[in-house]
Amino acid sequence: MPLTPLDIHNKEFSKGFRGYDEDEVNEFLDQVIKDYELIIREKKELEEKLSSLNERLGHFTNIEETLHKSIVVAQEAAEEVRGNAQKEAKLIIRESEKNADRIVNEALSKARKIALEIEELKKQSKVFRTRFKMLIEAQLDLLKNDDWDNLMEFDVDATELNIEEEIK
């Protein structure tokens, strides 16, 4: 067990013949006691400081561990968000492709329908043209008929018509 300042102070030396000067020894012991007390006090302060620093180190170690865990959790969350975003992007692309296919199919269907309508209109226009041509030709035939010339030769006296109307 280490000596305490009290142990040094209470130390009694046996006296021998022609021993050391008692005042000189006591003065030296007093100096040793002061220095020893100072060293003990410094040791105690350093131990307290070390304890405080160890507590702070423990606190910072806890903070470091917490930060490390937070970073790991954040990285995992980021990976999860990235994975979900990629899945959602793939779903959106699939939906867009389906919609595009549907739109293209609808457009093709409408184009086919319009093409059929155009063909039908062409047929109808040919029929109309043929009928119209026949009508015009029939009308031309009527105009070319000699009956028109006979009508022009027919004389009617307007005065006779007036008299006949009065008789009636």
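This text walks along one long stretch of a predicted model, from a charged patch to its salt bridges.

Residues are numbered from 1 along each chain as its sequence is written. Local features need pLDDT of at least 70, side-chain atom pairs count only at pLDDT 80 or more, totals for chains, interfaces and linings use all residues, and side-chain values use heavy atoms, with hydrogens and water left out.

Start with helix α2. It spans residues 22-144. Helices are DSSP runs (H or I, at least four residues), numbered from the N terminus.

A patch of negative charge lies on the surface, made up of Asp 21, Asp 23, Glu 24, Glu 27 and Asp 30. Patch members have over 30% relative accessible area and no salt bridge, and like charges are joined within 9 Å. Asp and Glu count as negative, Lys and Arg as positive; His and the chain ends are not counted. Each charge is placed at CG of Asp, CD of Glu, NZ of Lys or CZ of Arg. Areas come from the Shrake-Rupley method with a 1.4 Å probe, and for residues only the protein chains shown count as cover. One patch member, Glu 27, sits in helix α2. Glu 27 is exposed because its relative accessibility is 60%, and the cut-off for exposed is over 50% (buried is under 20%, partly exposed in between).

Next comes an annotated segment. The unreviewed UniProt entry marks residues 29-63 as "coiled-coil region". Such annotations may be inferred rather than shown by experiment, and their positions follow the numbering used here. In the model, residues 29-63 are 100% helix and 0% strand. The C-alpha atoms at the two ends of this segment are 50 Å apart.

Now the salt bridges. The term means a side-chain nitrogen of Lys or Arg within 4 Å of a carboxyl oxygen of Asp or Glu. The count is four. One of them joins Lys 43 and Glu 47, at 3.5 Å from N to O. The two residues are four apart in helix α2, about one turn. Glu 47 is partly exposed, at 44%.

Further along, Arg 102 pairs with Glu 106 at 3.2 Å, N to O. Again the partners both lie in helix α2, four residues apart, about one turn. Arg 102 has 41% relative accessibility and counts as partly exposed. Glu 106, at 39%, is also partly exposed.

Glu 119 and Lys 122 form another salt bridge, 3.8 Å from N to O. Here the spacing is three residues in helix α2, so about one helical turn separates the pair. Lys 122 is partly exposed at 46%, and Glu 119 is partly exposed at 40%.

Terms used:
Patches are made of residues with over 30% relative accessible area and no salt bridge: like charges are joined within 9 Å, nonpolar side chains (Val, Leu, Ile, Met, Phe, Trp, Tyr) within 5 Å. Buried means under 20% relative accessible area, exposed over 50%, partly exposed in between (1.4 Å probe, protein chains only).
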